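Let's work through a few exercises together, each with a solution you can follow step by step. Keep the structure open while you read.

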Amino acid sequence: MKQVVIYTDGACSRNPGPGGWAAILIQDSFEKELLGGEQNTTNNRMEMISAIKALEELKEKHAIMLYTDSQYLINGITKWIGGWEKNNWLTSDKKAVKNKELWIRLQELTRHHKISWNWVAGHSGNEYNERVDKLAKSQCKR
């Protein structure tokens, strides 16, 4: 199974407001940057879209080390999603899960790979996290 390292980030100039997302895929000595943005969005949506776009880029099964500074993304996909599904996409306080369509898409994409979800502290000097942060912010269309 091929291995890839992915760094993802999302940004929003207001929340909600113009937002951007970015991902860096690293395989051996090859690196690929992906980026985009939306006019009216939230930071959490951009965090999720960055991971979705990165995973969509992979056309075959991979072992993935995915790094993000988003607790929302990691907790959602590793801890909360099972309960949301069992509760018909309602939170524990019976409110509709935000970004349901993105969670469903992300979950579908994770089934094709072996993914290790890793949290990295934002703005802590990690070279790739800093780079992906700058790329995401560059996509916030004002």
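**Exercise 1.** Decide whether Asp93 is buried, partly exposed or exposed, then do the same for its salt-bridge partner Lys95.

*Solution.* This is a predicted model, so we work from its computed values.
- Take Asp93 to begin with: its relative accessible area is 48%. The exposed class starts over 50%, so Asp93 counts as partly exposed.
- Now Lys95: with 54% relative accessibility, Lys95 lands in the exposed class.
- As for the bridge itself, the closest N and O atoms of Asp93 and Lys95 are 4.0 Å apart.

**Exercise 2.** Find which parts of the chain the salt bridge between Arg131 and Glu31 links.

*Solution.*
- Start with the distance: the closest N and O atoms of Arg131 and Glu31 are 2.9 Å apart.
- Next, place the partners. Arg131 sits in helix α4 and Glu31 in strand β3, so this pair links distant parts of the chain, 100 residues apart.
- Check the surroundings: Arg131 has a relative accessible area of 25% and Glu31 one of 33%, which makes Arg131 partly exposed and Glu31 partly exposed too.
- Finally, look for shared partners: salt bridges join Glu31, Glu33 and Arg131 into one network.

**Exercise 3.** Work out on which side of α4 its buried residues lie.

*Solution.*
- List the buried ones: Tyr128, Asn129, Val132, Asp133, Leu135 and Ala136.
- Look at how they spread around the axis. They cover an arc of only 165°, so they share the same side of α4.
- Turn to the other side, and you meet Glu127 and Lys134, which are exposed.
- Ask what the buried residues touch: they pack against β1, β2 (17-27) and β3 (30-41).
- One last detail is the cap. Asn126 closes the N-terminal end of α4, with a side-chain oxygen 3.1 Å from the backbone nitrogen of Tyr128.

**Exercise 4.** Classify the aromatic pair of Tyr7 and Tyr128 as stacked, tilted or edge-to-face.

*Solution.*
- Read off the geometry: the centres are 5.3 Å apart and the planes make an angle of 25°.
- Planes under 30 degrees apart count as stacked, so that's the label for Tyr7 and Tyr128.
- Locate the rings: Tyr7 is in strand β1 (residues 2-12) and Tyr128 in helix α4 (residues 127-138), 121 residues apart.
- Check burial: Tyr7 is buried at 9%, and Tyr128 is buried at 18%.
- For contrast, try Trp84 and Trp89. Their centres are 6.4 Å apart and their planes at 40°, so that pair is tilted.

Notes
Residues are numbered from 1 along each chain as its sequence is written. This is a predicted model: local features need pLDDT of at least 70, side-chain atom pairs count only at pLDDT 80 or more; totals for chains, interfaces and linings use all residues. Side-chain values use heavy atoms; hydrogens and water are left out. Rings of Phe, Tyr and Trp (its six-membered ring) pair if their centres lie within 6.5 Å; planes under 30 degrees apart count as stacked, over 60 as edge-to-face and the rest as tilted. Buried means under 20% relative accessible area, exposed over 50%, partly exposed in between (1.4 Å probe, protein chains only). Helices (H or I, at least four residues) and strands (E, at least two) are DSSP runs, numbered from the N terminus. The arc is that of the directions from the helix axis to the C-beta atoms. Contact means heavy atoms within 4.5 Å. A polar contact is a pair of N or O atoms within 3.5 Å; within protein, one must be able to donate a hydrogen and the other to accept it, and residues adjacent in sequence count only if both atoms are side-chain atoms. A salt bridge is a side-chain nitrogen of Lys or Arg within 4 Å of a carboxyl oxygen of Asp or Glu.
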